[in-house]
Amino acid sequence: MLPKKIAATRNYPSPYQPPVLNGITISLMFSLYITAPSAAAEGQLSKKNNDATADPSTLTVTASAPARIEGPENGYVAEESTVGTKTRTSILEIPQSVSVVTRKQMDLLQSSSSSAALRYTAGATSERYGGFGDYLDMTRIRGVDADYYLDGLRMISNPGSWLPQIDPWSLERVEVLRGPASAIYGQGTGGGIVNQVSRKPQDIASHQVSLSYGSFNRKQFGFDSTGAVTDDHRVLYRFTASGLDTQGQIEDSRHRRIYLAPSLTWRPTDNATWTVMATYSWEPDIADYNSLPAAVLGLNNSPYKQIDRHKNYTDGHFANSTRRQDSVSSLFEYQFDNGWTFNSNARYMNVHSDIQRGVVYGYQLVNAQPWLKAYDELTPATVSTFSMDNHISGDIDVGPTRHTLLAGSDFSNGSLKNALYSVGPVLTDPYSADYRPDLHPDFTASQAAPWREKQKFTRTGVYLQDQIAWNHWRLTLSGRHDWSNTDHETNSYSPVTVKTRQTDKKWTGRAGLSYQFDIGLAPYISYATSFDPLLGSGYDGKAFLPVETKQSELGIKFHPKGSKTLLSAAIFQLTQSNVKTSDAEHLGFNTQAGESRTRGIDVQATTELVHNLNLIASYTWLDNELTKDTKNRGKTLTQVPANSAAAWLDYRFDAGLLSGLQLGSGVRYLGTSYGDPANTFKVPSATLVDLATRYDLGQLTPHLKGTTLAINVNNLTNRKYVASCTSEMYCFVGQDRTVTATVDYRW
């Protein structure tokens, strides 16, 4: 039976008046999901209908226009986000620098990964592994490795191995919070977080099929379907799936993946919503790193001839890497009649990667020419984790002030297993016709001394936050206490097992103050800390020490009400102790420095310059220095460019012969970075050009309504560049030009 009323408890007034469809009033509030077909409703929220004399047949429900379930959006501008406070908050009122990449932006740019979606985001260095980046999401924010989240829960990964990865096709948006977030999220690196927001079930049925073909024989499909299961809309579904089969830009490399993401939403009462989501990802083929020494890539004043970057200099008989990923998530929300909300979110995730590959670790001079050192490696790794976050939030009035309170606790535990079996080296001449080594075709784990580690961890935290509003002032106070226990076993190429137990606890906090001008201008100042007991160990088998971060930030944001403009700028100083960095001598391992200090500026602009002409621009300047270290004090960390910038411009024709055509182009500047911890050489800068074209085929004939043709080109000029180096022995070639054609059909 159709419920008479489903009401929300929190409202965001706007002048928008809800349309009436078949006698059913649609009020755009936020707590439940409906994809509203009206273009006029997009990004708008209406007042709650409290008219007790309303027609009893009226159904008041929560709704959102397509891709607006996390809050209103206007063009490419997201007006609200939960990433900074865990409550629905205007981005102007979050006292830290925030960026949101919307589904609309990802569709236009055809982002192949969450990392690629951040190409035009300030402060984010997301593709420092170049051609390897499509299947490894590792983003640095303000020079520090960011923590990846999915729907507000941290994705705890396996250090030293391939990390879990979410297919961007299954995402609604990607949110970036710059700076420490431990005060509400718990233990984290301090550079910032990347929160990936899943597509969730909607009330009104909608479906989409996408087919792509592109460079390197790339074939990809995507499917998305959502709607109501029952007539009373108490049960909703969504099923998202994608498949990928592509060769790599390095010869004899391939990436294949099948990705499934079903979800179900149940509304047992008018006030309760429970969404259960699952993911399954299977990759039977993953390509190799293809790291190469700087000397054979023309870096570090090398006198040697550059080798062909597209050749594979590893053992062709030893390449069979796989990754399997499974997860189940539960998102529960209950809205009390007094306006308070209880949320309980949980996830179980298991990731198993079985890496079998040939690698190149450095070189040796033979007859005055560099010959590459080739190895074969087996690297099995497994991580199983469970995370839960419970919190309650609501508003209270105290005199002239309004307090939005948040109180909660979270818990996570898990186990990690890593191993490394290696054989080699074999020298191979990269300049000869016989440049591929043949090490040991029958090599197995039993034939090499192992490096193994096991870890079990438990993390618990409690937190409290108060967002205080008084006139135009906004004061945000957040505090948290964390407890962490880690049991660690390691065999560092030895039959002797070393066992250690590490117990840590820490207070973290944040204080931020802003002033909200009526014109949409919001200057702010904040101070935040973070704490991260790192998982994993170094090559020597010693467990890492916790990383502690402090950041001071002064910024300003500008968003006129109802506009498609959001401008932000921030100046900050971030200090970290026990910084984790890439091990210059052992690829795939990390080590720790003493203390680093990063000062910087990041600027982000998203705006509609004139009707249908959109601009996305960003600039980041970083001054990074190791202030305490036994070997490299005063040096800059590798893979941290001092300057980076990007600008994107697109225009959509809505009249005349070109109606339905959208053209876009962007420029990305990747600044120079140091290539080794001692700062003896630099990786040169690179400027890359991207293009995008989309056309609504429904403009040609009504029979093609809902069909869109898109062509995307990345690195238009096919610039040959090195994305980064971690030492003179390990450098990563950049992504070549890629051209992709995509056909979308929506109904």
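Buried means under 20% relative accessible area, exposed means over 50%, and partly exposed is anything in between. Keep that handy, and remember that this is a predicted model.

**Exercise 1. Sort arginine 597 and glutamate 625 into buried, partly exposed or exposed, then work out how they are connected.**

Step 1. Start with the arginine. Arginine 597 has a relative accessible area of 10%, so it goes in the buried group.

Step 2. Now its partner. Glutamate 625 comes out at 26% relative accessibility, so the right label is partly exposed.

Step 3. Check the contact. The two residues form a salt bridge, and their closest N and O atoms are 3.0 Å apart.

Step 4. Place them on the chain. Arginine 597 belongs to strand β33 and glutamate 625 to strand β34 (residues 613-628), so to speak two distant parts of the chain, 28 residues apart, that the pair links.

**Exercise 2. Look at two more salt bridges, arginine 173 with glutamate 175 and arginine 178 with aspartate 602, and decide whether the residues are buried or exposed.**

Step 1. Here's the idea behind such pairs: side chains of opposite charge can pair when their charged atoms come close.

Step 2. Take the first pair. The side chains of arginine 173 and glutamate 175 meet at 3.1 Å, N to O. Arginine 173 has 0% relative accessibility, so it is buried. Glutamate 175, at 1%, is buried too.

Step 3. Take the second pair. The closest N and O atoms of arginine 178 and aspartate 602 are 4.0 Å apart. This bridge ties together distant parts of the chain: arginine 178 sits in strand β13 (residues 171-178) and aspartate 602 in strand β33 (residues 595-610), 424 residues apart. Both arginine 178 and aspartate 602 are buried.

Step 4. Step back for the total. The model has 39 salt bridges.

**Exercise 3. Find the disulfide and describe the strands around it.**

Step 1. How many disulfides does the structure hold? There is 1.

Step 2. Name the partners. Cysteine 725 and cysteine 731 form the disulfide, with their sulfur atoms 2.1 Å apart. Both cysteines are buried.

Step 3. Work out the handedness. The torsion about the S-S bond is about 110°, so this disulfide is right-handed.

Step 4. Look at the backbone. Cysteine 725 also has cysteine 731, in β42, as its bridge partner. Strands β41 and β42 (residues 730-733) pair in the antiparallel sense over 4 bridges.

Step 5. Zoom out to the sheet. It is an open one, with 3 strands in the order β20-β42-β41 and antiparallel pairing. β20 (291-292) and β41 (722-727) are at the edges with a single partner strand each, so one side of each has no neighbour in the sheet.

**Exercise 4. Explain why strand β40 counts as largely enclosed, then identify its pairing partners.**

Step 1. Count the buried residues. In β40 (residues 707-714), 6 of the 8 residues are buried, so the rest of the structure largely encloses the strand.

Step 2. Find one partner. Strand β39 (residues 686-696) runs antiparallel to β40, and 6 bridges join them. In this pairing, threonine 693 stands opposite isoleucine 711 in β40.

Step 3. Find another. Strand β43 (residues 738-746) pairs with β40 over 8 bridges, also in the antiparallel sense. Here asparagine 714 has threonine 738, in β43, as its bridge partner.

Key:
Residues are numbered from 1 along each chain as its sequence is written. This is a predicted model: local features need pLDDT of at least 70, side-chain atom pairs count only at pLDDT 80 or more; totals for chains, interfaces and linings use all residues. Side-chain values use heavy atoms; hydrogens and water are left out. Two strands pair if DSSP finds at least two bridges between them. Buried means under 20% relative accessible area, exposed over 50%, partly exposed in between (1.4 Å probe, protein chains only). A disulfide is a pair of cysteine sulfur atoms within 2.5 Å.
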